[in-house]
Amino acid sequence: MFLAVLGVVVPPTAVGETAATEGMTESPPEEAPVRFTFGVQGEAGDAESEAPEPDSPWRTRVDDANVEAGILATSDRPVDFTQHGRAVVSAARPLGEAWELRLGARVDAQLQQGGDYPGVSRLRADYDETYLRYRGDRTRFTFGAQQILWGRVDEIPPTDRLSTKDLTRFGLDDYADRRRASPAIRAEFFQGAWHADLVFLPLFREAELPHRDSLWHPVDRNRGELLGLPAQPELAPFIRQADVDDDLSGNGGGGIRLARAGRGADFAVTLQRARHSEPYYRFDEATRQAILAGMPPPEEATLEAIHPRTWVAGGDIAFAAGAWTWRAEAAWLSDVPVTRADDLRQETTEGFDWVIGVEGFPGDGDFRMTTQLTGQHLMGAGDVLDDTESYFLTGEFELPFAGHAWNARLRYSLGLNRRDVYLHPELAWTAREPMEFFIGAHWLDGADGTAGDFYRDNRMLVIGWRGQF
């Protein structure tokens, strides 16, 4: 491959966490607000002091807190140590009988030290879901920053094209933690078993990328390589010197999803006009001509990160068969970016992605397993540097034990037509829920040009803590 589409398959999480909006057939009931009383009760007979202070209408919580430290374990490691932290907080309150206000914020911290790569110390604040929502008997309207999670399977569901991806740690985080909120206008309608979901993104928000010198950035200027591109010494000087220019103008598109929940099966169909939130990199024209002519990099060499618009038509289905739940999802895309092999021109072609997965509890015990087979195809692409076909087997094994005080799990992603391996074993102490302490590892490997090969020197051992309050 020459230039990388960052829609690679990355490690899965539990199928049940896939989409907050899936399977909804009626407007969910309001939660009773958590109430707090401030101050001290007065003496008996003191009518004024006996009257309680007004209850707070706000519901506040820490939705996610996570601290993780890692030590890299290869001889060619780019850095020695990494630290990562994340906190997501929210506050919500009703505004009358039909309206609700939610405020959300998050803070992310990254630190990398030692090794040949530059050190990174980064603390960034961001908005989380922050919106004004109206609830009617059969309607719901939401205005503000939201996570639009469409689809039914894990690991980049083919119809999940309106969400903003979080690539700050590639695919180390669970699926639910790899999405950011985007400005959106959303209208939902409920009628019996049917649910219609309409979304418009007035502003485009690109995928959240790590720090420019992070070991997880898709453009490695230290080695002169791009994610998805086999190492090519003749291109390394251009990649090392190039500035990155990102096209962020315009809106993010929109779409409609029509879903139905039934006794036999739940299904949905969708039509979208969306932009790829993950960047696709290409050299600007002057740099491309210099490469073709065998000249040295120009002083203003540029890598352009583009986000093409594409039509998306697809659907998903889920049904139970005995003790197993089966899920399938597929989507056709009108404009997938590719790079021509002869002259390095960037064009678009049609694509088709599909996933078939199953989840169950073998032996009717606590052991849970999920398995998914994924295919990604470029249709009529011709002679391009991109992969025209990719097949992956992804999944997760999870086993609570010792009276549910401990939890062992393994997430995995295995390339079938090309070696591309990710393994994430983890052991967590969960006796103090909703908090847990964990140890684990991230192991990557793969053939030249795969994500596993690009990040193979980032293998690490980790220890950390996470919780919700």
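**Salt bridges, internal space and a surface patch**

Arginine 368 counts as buried because its relative accessibility is 7% (buried is under 20% relative accessible area, exposed over 50%, partly exposed in between, with a 1.4 Å probe and protein chains only). The model is predicted: local features need pLDDT of at least 70 and side-chain atom pairs pLDDT 80 or more, while totals for chains, interfaces and linings use all residues. Residues are numbered from 1 along each chain as its sequence is written, and side-chain values use heavy atoms, without hydrogens and water.

**Salt bridges**

- The count is 50 salt bridges, each a side-chain nitrogen of Lys or Arg within 4 Å of a carboxyl oxygen of Asp or Glu.
- Arginine 368 pairs with glutamate 359 at 3.5 Å, N to O; glutamate 359, at 14% relative accessibility, is also buried.
- Both residues belong to a salt-bridge network whose members include Asp174, Arg327, Glu396, Arg409 and Arg466.
- Arginine 186 and aspartate 197 form a salt bridge at 2.6 Å, N to O.
- That pair joins strand β9 (residues 182-191) to strand β10 (residues 194-201), with the two residues 11 apart in the chain; both are buried.
- In the salt bridge between arginine 345 and glutamate 347, the closest N and O atoms are 2.3 Å apart.
- Arginine 345 is partly exposed at 32% relative accessibility, and glutamate 347 is partly exposed at 25%.

**Second largest cavity**

- There are 8 cavities of 30 Å³ or more (a cavity is a set of points on a 1 Å grid over the protein atoms alone where a 1.4 Å probe fits but cannot get out; lining residues have an atom within 4 Å of a point).
- The second largest has a volume of about 170 Å³, volume being the space filled by probe spheres set on the points.
- Its lining has 17 residues, with Gln83, Gln110, Ser214, Leu215 and Trp216 nearest the centre.
- By class, this lining holds 7 nonpolar, 8 polar and 2 charged residues (Ala, Val, Leu, Ile, Met, Phe, Trp, Tyr, Cys and Pro are nonpolar; Asp, Glu, Lys and Arg are charged; the others, Gly among them, are polar).

**Nonpolar surface patch**

- Trp194, Leu258, Phe267, Val269, Ile317, Phe319, Trp326 and Ile356 make up a nonpolar patch with about 670 Å² of accessible area together (patch residues have over 30% relative accessible area and no salt bridge, and nonpolar side chains are joined within 5 Å; areas are Shrake-Rupley values with a 1.4 Å probe).
- Tryptophan 326 lies in strand β19 (residues 324-339) and is partly exposed at 35% relative accessibility.

Definitions and conventions: On a 1 Å grid over the protein atoms alone, a cavity is a set of points where a 1.4 Å probe fits but cannot get out, and a pocket is an open set with protein on both sides within 12 Å along at least five of seven lines; lining residues have an atom within 4 Å of a point. Patches are made of residues with over 30% relative accessible area and no salt bridge: like charges are joined within 9 Å, nonpolar side chains (Val, Leu, Ile, Met, Phe, Trp, Tyr) within 5 Å. Helices (H or I, at least four residues) and strands (E, at least two) are DSSP runs, numbered from the N terminus.
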